[in-house]
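Work through the exercises below with the sequence and the model open. Each task is followed by a solution in steps.

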Amino acid sequence: MDARLKLPSLQQTPALVMLFIALVLGTAYFFEHVLDIHPCALCQYQRLAWWIALGLAGVTYYLRRRRILLLSGLTLTIIVILAGAATAGYHVGVEQKWWEGPSSCTNSGLNDLDINALKDAIMNAPVIRCDEVAWSLFGISMAGYNLLLALGAALGIGFLIRNAFRQDTV
């Protein structure tokens with residue numbers, strides 16, 4: 001009896017990716033709607049990357065019988081997930097004050113304003129700030145966990161592609 005772990009086939013990968021992304025997005029919406037931890041603008045951009053990746057994985061699932069379309073779709077999905085990881089990494093840097101974030105969701109850019117411009121900026125400022133950690137666990141913010149999940153997902157998909165080529169089961 002072979003005790004090795006059986007990896008999913010490459011044709012099963014889009015469905016697994018969709019399931020993983022649904023869990024990630026479900027968790028984000030759970031935090032927002034159940035725990036009342038609302039996303040900032042950078043969080044919304046990170047979610048957008050997951051939604052685009054979900055759509056790509058869905059299209060790839062329906063086109064999975066054609067090898068070139070399957071590989072192209074999975075590659076595009078990896079690229080979008082990595083773009084989301086880059087946004088999450090940027091967000092972590094903003095939270096840690098390593099660099100300034102967009103003036104629309106941080107405290108930057110208000111020092112040189114006159115009183116009327118300052119009042120307008122305060123009245124039109126978003127409620128949720130990008131440079132403050134809304135929630136963390138073990139010292140890692142939600143943006144940090146999103147970065148780790150996105151990198152893990154991209155590596156996992158890449159590993160399954162590599163494994164399929166090694167076994168020539170694409």
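**Exercise 1. Layout of the chain**

In what order do the elements of the chain run from the N terminus on?

Solution. The model is a predicted one. Begin with the inventory: the chain holds five helices and two strands. Reading from the N terminus, the order is α-α-α-α-β-β-α. Next, consider burial and contacts. Of the 170 residues in the chain, 34% are buried. Among contacts between residues at least 6 apart in sequence, 71% join residues at least 24 apart.

**Exercise 2. Helix lengths**

Compare the expected and actual end-to-end spans of α2 and α3.

Solution. The expected span is 1.5 Å times one less than the number of residues. Helix α2 covers residues 41-62. With its 22 residues, α2 should therefore span 32 Å, and its end C-alpha atoms are 32 Å apart, so the two values agree. Helix α3 covers residues 67-95 and has 29 residues, so the expected value is 42 Å; its end C-alpha atoms are 42 Å apart, again in agreement. After α3 comes K97, which has a positive phi near 65°.

**Exercise 3. The packing of α1 on α5**

Determine how α1 and α5 are oriented to each other, and describe the residues in their contact.

Solution. Take the axes first: those of α1 (residues 13-33) and α5 (residues 142-167) come within 11 Å and cross at roughly 175°. An angle over 145 degrees counts as roughly antiparallel, so α1 is roughly antiparallel to α5. Then list the residues: α1 contributes T13, V17, F20, V24 and F31, while α5 contributes M142, L149, A153, I157 and L160. Sorted by class, these are nine nonpolar, one polar and no charged.

Now look at one of these residues, T13, which lies in helix α1. Is T13 buried or exposed? Its relative accessibility is 1%, so T13 counts as buried. Apart from neighbours within four places in sequence, T13 is in contact with L74, I157 and L160.

**Exercise 4. The surroundings of α2**

Find the orientation of α2 relative to α3, and state what covers the buried residues of α2.

Solution. The axes of α2 and α3 come within 9 Å and cross at roughly 170°. The two helices are therefore roughly antiparallel. Their contact has 18 nonpolar and seven polar residues, with no charged ones. As for burial, the buried residues of α2 are L42, Q46, R47, A49, W50, A53, L54, A57, G58 and T60. The cover over these buried residues includes α1, α3 and α5.

**Exercise 5. Aromatic rings**

Classify the ring pair of Y29 and W51, and locate both residues in the chain.

Solution. A pair of aromatic rings is described by the distance of the centres and the angle of the planes. The structure has six aromatic pairs. In the pair of Y29 and W51, the ring centres are 6.5 Å apart and the planes stand at 55°, so the pair is tilted. Y29 belongs to helix α1 and W51 to helix α2; the two residues are 22 residues apart, and the pair thus links distant parts of the chain. For exposure, Y29 has a relative accessible area of 27%, so Y29 is partly exposed. W51, at 43%, is partly exposed as well.

Which residues do ring pairs link into a cluster? They are Y90, W98 and W99.

Conventions:
Residues numbered from 1 in each chain as written. Predicted model: local features only at pLDDT ≥ 70, side-chain atom pairs only at ≥ 80, totals over all residues. Heavy atoms only, no water. Helix = DSSP H or I, 4+ residues; strand = E, 2+ residues; numbered from the N terminus. Axes fitted to C-alpha atoms, helices over the stretch in contact; angles between N-to-C directions. Parallel < 35°, antiparallel > 145°, perpendicular 65-115°, else oblique. Contact = heavy atoms within 4.5 Å. Nonpolar A, V, L, I, M, F, W, Y, C, P; charged D, E, K, R; others polar. Phe/Tyr/Trp six-rings, centres within 6.5 Å; stacked < 30°, edge-to-face > 60°. Buried < 20%, exposed > 50% of the residue type's maximum accessible area, 1.4 Å probe, protein only.
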